[in-house]
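This report covers the contacts between chains, one helix and a set of charged pairs. Please keep the sequence and the 3D view at hand while reading.

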Protein chains: 4
Amino acid sequence: MILVMKSNVTEEQIQAVISFLESHHVRVHLSKGEERTIIGMIGDKKILKELPVETLPGVERSVHVTHPFKLASRDFHPDDTRIRVGDVEIGGDQLVVIAGPCSVESRDQLFTAAEIVKAAGAQMLRGGAFKPRTSPYSFQGLKEEGLKILAEARERTGLPVVTELMDIEHLPLFEEYVDVIQLGARNMQNFPLLKAVGKTQKPVLLKRGLSATIEEWLMSAEYIMAEGNPNVILCERGIRTFETATRNTLDINAVPVVKHLSHLPIIVDPSHATGVRAYVPPAAKAGLAAGADGLIMEMHPDPSKALSDGAQSLDPEQFHILMQELKQLAHALGRGIESMVSSH
Amino acid sequence: MILVMKSNVTEEQIQAVISFLESHHVRVHLSKGEERTIIGMIGDKKILKELPVETLPGVERSVHVTHPFKLASRDFHPDDTRIRVGDVEIGGDQLVVIAGPCSVESRDQLFTAAEIVKAAGAQMLRGGAFKPRTSPYSFQGLKEEGLKILAEARERTGLPVVTELMDIEHLPLFEEYVDVIQLGARNMQNFPLLKAVGKTQKPVLLKRGLSATIEEWLMSAEYIMAEGNPNVILCERGIRTFETATRNTLDINAVPVVKHLSHLPIIVDPSHATGVRAYVPPAAKAGLAAGADGLIMEMHPDPSKALSDGAQSLDPEQFHILMQELKQLAHALGRGIESMVSSH
Amino acid sequence: MILVMKSNVTEEQIQAVISFLESHHVRVHLSKGEERTIIGMIGDKKILKELPVETLPGVERSVHVTHPFKLASRDFHPDDTRIRVGDVEIGGDQLVVIAGPCSVESRDQLFTAAEIVKAAGAQMLRGGAFKPRTSPYSFQGLKEEGLKILAEARERTGLPVVTELMDIEHLPLFEEYVDVIQLGARNMQNFPLLKAVGKTQKPVLLKRGLSATIEEWLMSAEYIMAEGNPNVILCERGIRTFETATRNTLDINAVPVVKHLSHLPIIVDPSHATGVRAYVPPAAKAGLAAGADGLIMEMHPDPSKALSDGAQSLDPEQFHILMQELKQLAHALGRGIESMVSSH
Amino acid sequence: MILVMKSNVTEEQIQAVISFLESHHVRVHLSKGEERTIIGMIGDKKILKELPVETLPGVERSVHVTHPFKLASRDFHPDDTRIRVGDVEIGGDQLVVIAGPCSVESRDQLFTAAEIVKAAGAQMLRGGAFKPRTSPYSFQGLKEEGLKILAEARERTGLPVVTELMDIEHLPLFEEYVDVIQLGARNMQNFPLLKAVGKTQKPVLLKRGLSATIEEWLMSAEYIMAEGNPNVILCERGIRTFETATRNTLDINAVPVVKHLSHLPIIVDPSHATGVRAYVPPAAKAGLAAGADGLIMEMHPDPSKALSDGAQSLDPEQFHILMQELKQLAHALGRGIESMVSSH
């Protein structure tokens with residue numbers, strides 16, 4: 001960490017800062033430039049971060065030269081992390097497609113969706129049981145019943161299931177029924193929830209918050225990992241910007257940035273990142289081309305009957321065509337998309 | 001709600017949409033313009049909102065003509081809501097200043113802060129007991145002990161206390177020790193938490209999310225109110241933008257917008273909205289001038305010893321001077337800031 | 001256009017609005033819903049847009065149901081526009097790669113760059129002669145000398161050249177020396193400049209403004225086209241958001257949105273959209289996968305000697321490898337990247 | 001400037017960077033921390049800025065420790081700059097209100113507006129003659145005729161006039177007819193235009209770009225000042241964010257930030273910053289309370305007949321009331337708003 005001193009800093013102020021730092025066992029490196037004096041702080045990162053150095057007289061600002069995350073950092077763990085979910089591996093050579101309806105609406109709807117998803121060559125099934133809705137008056141999901149239907153769909157198809165956890169008290173149910181626990185964008189900094197899933201060993205799909213920086217997102221992964229659960233899959237799902245032509249703005253740059261900073265796998269959600277069905281295929285392809293390890297997409301057997309997110313859900317035919325295109329693309333990128341072998 | 005049809009919509013598609021709507025008991029109003037056909041939908045707002053109309057062939061997009069909130073809306077409740085907290089009323093002619101340290105650090109620190117805050121003329125005391133921190137390695141607060149210290153400070157000074165709730169399981173403690181429950185920016189759409197505080201009658205200070213629209217913020221107030229708790233105080237604390245010279249961007253426009261759309265009181269947090277001590281006084285004054293019902297600010301007895309947010313905390317002298325200026329300003333605005341009469 | 005009336009609008013106000021509109025030869029379509037009255041306005045779009053209807057008593061807001069652009073709209077011109085530049089066509093099946101240094105620094109530097117770019121299989125050469133720089137103290141380009149060097153490079157390699165115009169008074173020089181006139185992000189709404197290039201027939205590469213909506217961007221294309229020049233190539237080069245890990249945020253969604261709304265070709269600039277050399281290849285691939293008609297990229301013979309934008313410039317080897325990968329990708333996408341046949 | 005080296009940097013890379021810097025006459029200060037090595041660069045700021053140091057092997061990123069502006073900086077010029085326009089001074093104790101219609105529409109309209117503005121106690125008159133419009137089909141202003149009407153209005157009322165320059169070729173007309181040259185948000189980085197007005201001595205009202213950082217804005221002021229014109233007045237007019245309830249987001253924090261970094265006067269434009277008439281008065285008051293030196297506002301004699309921006313223009317009565325409130329507010333802030341003494 002570096003302190004940039006004010007242009008009119010006095011020698012007394014500089015000495016006072018140095019004394020303060022040394023009294024906290026921080027080694028100091030002083031550098032006087034033509035316009036500014038700079039004080040380098042050398043010591044334990046955790047201690048440095050907590051010192052209220054910006055409040056000291058003469059200090060203009062502090063600059064962090066290292067990233068605040070450790071367990072999530074590629075510096076700490078140079079090789080790519082691969083996460084196993086049943087027979088599926090995320091983060092390896094093979095790309096993973098997770099698909100299914102926004103919400104679990106009924107046994108029939110989900111089973112139909114699961115068969116379509118599997119037949120088209122996807123590896124995992126998604127579907128919301130507990131739904132975070134902006135309005136208290138909107139459909140809030142089938143709740144525990146939805147989790148049971150998901151588990152049944154897994155039994156029928158062999159596809160591992162992913163669904164969103166919103167409330168710590170439901171965690172035991174998720175541990176029983178679910179293969180991957182999704183934490184939604186709105187809960188990316190719900191720290192008690194992060195800590196709670198960190199105490200399990202279930203893989204966690206951690207969506208990026210609507211206005212979270214990549215660094216904050218990795219710090220949320222760090223919260224989970226610091227509790228002992230290394231199985232974090234990051235999911236870029238669009239950020240909030242001034243543009244209104246799409247529901248969100250897919251931050252495609254985030255894919256290579258995350259790959260550079262972290263060893264964790266990252267997937268892309270083109271459905272939420274665009275909010276418009278017609279834009280999902282190009283955004284999905286862009287995600288893979290940028291280096292993502294997979295995709296999570298909304299597919300509904302009949303979008304015009306969807307209880308939520310119908311406008312951004314692909315229909316079965318669109319999904320089938322897209323999967324064919326994605327397989328060709330994956331091949332050109334030197335990776336692949338392998339269908340699940342049915343053992344059922 | 002209005003449907004704007006595509007420019008190349010066919011007569012069959014229009015009739016199919018009308019049939020679909022009428023089968024859901026929605027009355028239809030058809031309007032053919034020179035470039036576009038528009039279909040007005042008349043019926044129960046909750047039903048309209050759930051219909052997947054954007055997925056129907058020929059529909060380009062839907063436009064909402066009413067706001068989705070009801071209980072929080074000024075249409076529904078034309079008069080300003082005033083919320084009573086002990087001897088203090090928020091939302092009336094008198095402006096309310098809430099101040100105190102970012103975190104409760106010790107009995108001494110909080111008691112000293114409380115005396116300074118009261119002496120300068122503030123009406124309520126703030127201080128974090130459970131702290132949401134971006135890093136799992138940062139100071140996380142004194143927790144239950146912090147709540148007890150806050151309650152003691154109230155006993156000593158008569159100032160009601162405000163502190164942040166992050167976890168539903170702590171709600172009983174908050175009901176026991178705290179006067180106003182704060183929900184932080186990161187939890188603005190933590191729907192289980194919103195519902196839980198909605199089941200109490202404790203006043204709730206609802207901070208705006210970092211990238212929440214004003215409409216989403218009012219929908220979160222609606223979540224609380226829909227559960228039966230009408231005592232919601234909104235708090236504008238800065239939004240996230242591209243500007244990096246300040247920690248956040250104080251959306252001062254939000255004050256008159258909220259006053260226009262809603263009857264709920266709104267206060268401004270100039271400490272988080274700027275992140276820099278020197279900018280807190282001008283931002284505080286701007287908040288009152290824009291029509292806010294009060295302020296919440298960080299004041300630390302000795303900012304250079306603060307365990308969190310030292311850089312944006314006022315020191316006692318700065319706070320005292322600012323309070324004098326705010327009183328003059330309040331007077332010029334036709335309102336006032338009344339010191340609490342000590343009954344202790 | 002639609003007027004949404006206030007919830008407490010009176011019958012007199014409604015009649016006054018109708019009279020006002022009819023006096024301006026606008027046909028009116030009245031629709032009274034349960035919560036709101038809506039007035040549809042039918043007439044000439046240009047007249048509607050200019051009426052100050054939002055100022056009339058009882059009106060809450062107006063909603064536009066059509067897009068404001070016409071010549072740039074796919075409704076008006078359903079087929080993709082293909083733009084010919086020498087032997088190159090932009091907007092057809094073949095993808096176009098434009099590459100070269102940020103700035104023309106010397107005859108040697110540009111000629112070397114041009115040979116590398118051509119050998120790797122790119123179709124056009126870029127290089128700045130007049131440089132828009134945030135600081136008045138930064139290198140501002142070789143100016144007219146730079147244009148001449150670009151023209152010479154075209155003579156030597158057969159590659160058409162693209163460079164940025166900042167000042168109307170230089171337009172005659174550009175007409176003489178340059179094949180495609182680039183308008184930079186900062187000048188996207190420099191209306192006199194848009195009109196001036198609209199009076200030529202030179203192809204124009206119109207970069208999106210840092211915070212321009214897609215609609216505003218297409219309106220700037222409309223300015224050029226309305227003056228008589230149909231040869232507009234759009235260029236997505238990243239928008240400004242809160243994220244600081246990259247110089248800008250590549251709005252990859254903009255590619256399919258533009259393809260949906262407009263018939264104009266669109267290319268992507270992964271160099272400015274990321275600002276970091278290591279992120280250029282994944283962003284370039286994402287651009288093509290999303291459906292862009294080409295790319296514009298910075299390549300410097302020796303980035304460590306670059307006078308501007310060295311940090312985001314590829315070196316020759318990186319560029320060569322990327323071109324190989326892009327060719328494979330283009331093939332998988334059903335398109336291609338054809339090297340220029342050298343006739344020199 | 002500081003270089004932060006990669007965590008895996010080698011000793012050879014460090015030495016190569018040092019040699020590179022020393023060969024460019026930069027003094028070097030090496031600091032090896034526990035996690036990172038840092039190289040301080042000491043030398044002429046202009047040289048440092050141009051070196052492509054981020055491209056050198058082993059360098060992770062560079063950090064600027066000083067601001068890039070000089071003439072605009074308070075470090076360089078500690079006292080507030082006061083700019084005289086006729087009998088008016090901007091930047092002193094007295095606050096300045098500039099008001100008038102968005103566009104000059106006719107002699108009658110402007111003269112009526114000017115009388116109203118003066119009678120209410122404003123100091124200067126605004127009105128657009130050349131209008132930057134998003135659509136080529138919208139009213140583009142009366143052009144030269146508008147400038148002449150403005151000059152006549154000044155003769156009649158004694159109020160200095162402000163209007164926007166979009167095109168360098170009109171500069172001689174502006175020098176003849178206008179008191180303050182306004183540069184609009186879209187032209188904040190139109191560098192040829194900045195340089196051109198920098199060659200005059202006319203006061204320049206420099207609006208902040210829609211997504212310009214405060215630092216970029218001050219660099220644009222620097223462009224003008226570097227050409228020899230020190231008379232720059234900054235104008236905060238709202239930035240572009242995700243919030244759609246208002247036309248723009250008034251960045252009220254920018255007022256104290258600019259006051260801290262620069263000696264130049266700053267005013268606020270509450271009309272464009274909100275886009276909604278009802279929000280103009282609270283935003284105007286907030287601007288003054290935050291420390292701005294004045295305001296620029298839209299007032300139309302009859303907003304329902306305005307050819308542009310009617311929805312955000314105050315009517316005469318609203319303006320009169322607001323001026324009374326602003327005078328009281330200015331007094332409470334220790335400043336004032338003095339009416340012009342009529343010498344006509």
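Chain B and chain C bury about 2200 Å² between them, and carbon and sulfur atoms give 56% of that area. This is a predicted model. At this interface, 28 residues of chain B are in contact with 28 residues of chain C. Two salt bridges are counted between chain B and chain C. In a salt bridge between these chains, the side chain of B:Arg36 meets that of C:Asp75, at 3.1 Å from N to O.

How are chain B and chain C related? A rotation of 180°, with 0.0 Å of shift along its axis, superposes chain B on chain C. The RMSD of that superposition is 0.0 Å. Within chain B, the C-alpha nearest this axis belongs to B:Phe242, 2.1 Å away. Of the interface residues of chain B, 100% are also interface residues in chain C, so the copies meet through the same surface.

**Chain B with chain A**

Now the partner on chain A. Chain B and chain A bury about 3800 Å² between them. Carbon and sulfur atoms carry 53% of that area. Here 46 residues of chain B are in contact with 47 residues of chain A. Two salt bridges are found across the interface of chain B and chain A. A:Glu216 pairs with B:Arg240 in a salt bridge, with the closest N and O atoms 2.7 Å apart.

Chain B superposes on chain A by a rotation of 180°, with 0.0 Å of shift along the axis and an RMSD of 0.0 Å. That is the relation of a two-fold axis. Which residue of chain B comes closest to this rotation axis? The answer is B:Ser211, with its C-alpha at 2.9 Å. Again the copies meet through the same surface, because 100% of the interface residues of chain B are also interface residues in chain A.

**Helix H1 of chain B**

Helix H1 of chain B spans residues 11-23, 13 residues in total. From its first C-alpha to its last it reaches 18 Å, close to the 18 Å expected at 1.5 Å a residue. Which residues of H1(B) are buried? They are B:Ile14, B:Val17, B:Ile18, B:Phe20 and B:Leu21. Viewed down the axis of H1(B), these buried residues fall within an arc of 160°, so they line one face of the helix.

What does that face pack against? The buried residues of H1(B) pack against four strands of chain B: S1 (2-5), S2 (27-32), S3 (37-42) and S4 (59-63). Just after H1(B), B:His25 takes a positive phi of about 65°.

**Salt bridges**

Side chains of opposite charge can pair when their charged atoms come close. Over all chains, the count comes to 91 salt bridges. The table lists some of them.

| Pair | Closest N to O distance |
|---|---|
| B:Arg36 and C:Asp75 | 3.1 Å |
| A:Glu216 and B:Arg240 | 2.7 Å |
| A:Lys32 and A:Glu11 | 2.9 Å |
| A:Arg208 and C:Glu243 | 2.8 Å |
| C:Lys285 and C:Glu325 | 2.9 Å |

Take the pair within chain A, where A:Lys32 forms a salt bridge with A:Glu11. A:Lys32 lies in strand S2 (residues 27-32) of chain A and A:Glu11 in helix H1 (residues 11-23) of chain A, so the pair ties together parts that are 21 residues apart in sequence. A:Lys32 is partly exposed, at a relative accessible area of 39%. A:Glu11 is also partly exposed, at 37%.

Another pair crosses between chains: A:Arg208 forms a salt bridge with C:Glu243. A:Arg208 sits in the loop between strand S11 (204-207) and helix H7 (214-226) of chain A. C:Glu243 sits in the loop between strand S12 (232-236) and helix H8 (254-261) of chain C. Are these two residues buried or exposed? Both A:Arg208 and C:Glu243 are buried.

In chain C, C:Lys285 and C:Glu325 meet in a salt bridge. C:Lys285 belongs to helix H10 (residues 280-289) of chain C and C:Glu325 to helix H11 (residues 316-332) of chain C, so the pair ties together parts that are 40 residues apart in sequence. C:Lys285 counts as buried, at 16% relative accessibility. C:Glu325 is partly exposed, with a relative accessible area of 31%.

Some salt bridges share partners. Through them, A:Arg208, A:Glu236, A:Asp251 and C:Glu243 are joined into one network.

Note on methods: Residues are numbered from 1 along each chain as its sequence is written. Chains are lettered from A and ligands numbered from 1 in the order in which they are written. This is a predicted model: local features need pLDDT of at least 70, side-chain atom pairs count only at pLDDT 80 or more; totals for chains, interfaces and linings use all residues. Side-chain values use heavy atoms; hydrogens and water are left out. Helices (H or I, at least four residues) and strands (E, at least two) are DSSP runs, numbered from the N terminus. The expected span of a helix is 1.5 Å times one less than its number of residues. Buried means under 20% relative accessible area, exposed over 50%, partly exposed in between (1.4 Å probe, protein chains only). The arc is that of the directions from the helix axis to the C-beta atoms. Contact means heavy atoms within 4.5 Å. Copies are superposed by least squares on the C-alpha atoms of residues with pLDDT of at least 70 in both. Buried area is the accessible area (1.4 Å probe) that two parts lose on being put together, summed over both. A salt bridge is a side-chain nitrogen of Lys or Arg within 4 Å of a carboxyl oxygen of Asp or Glu.
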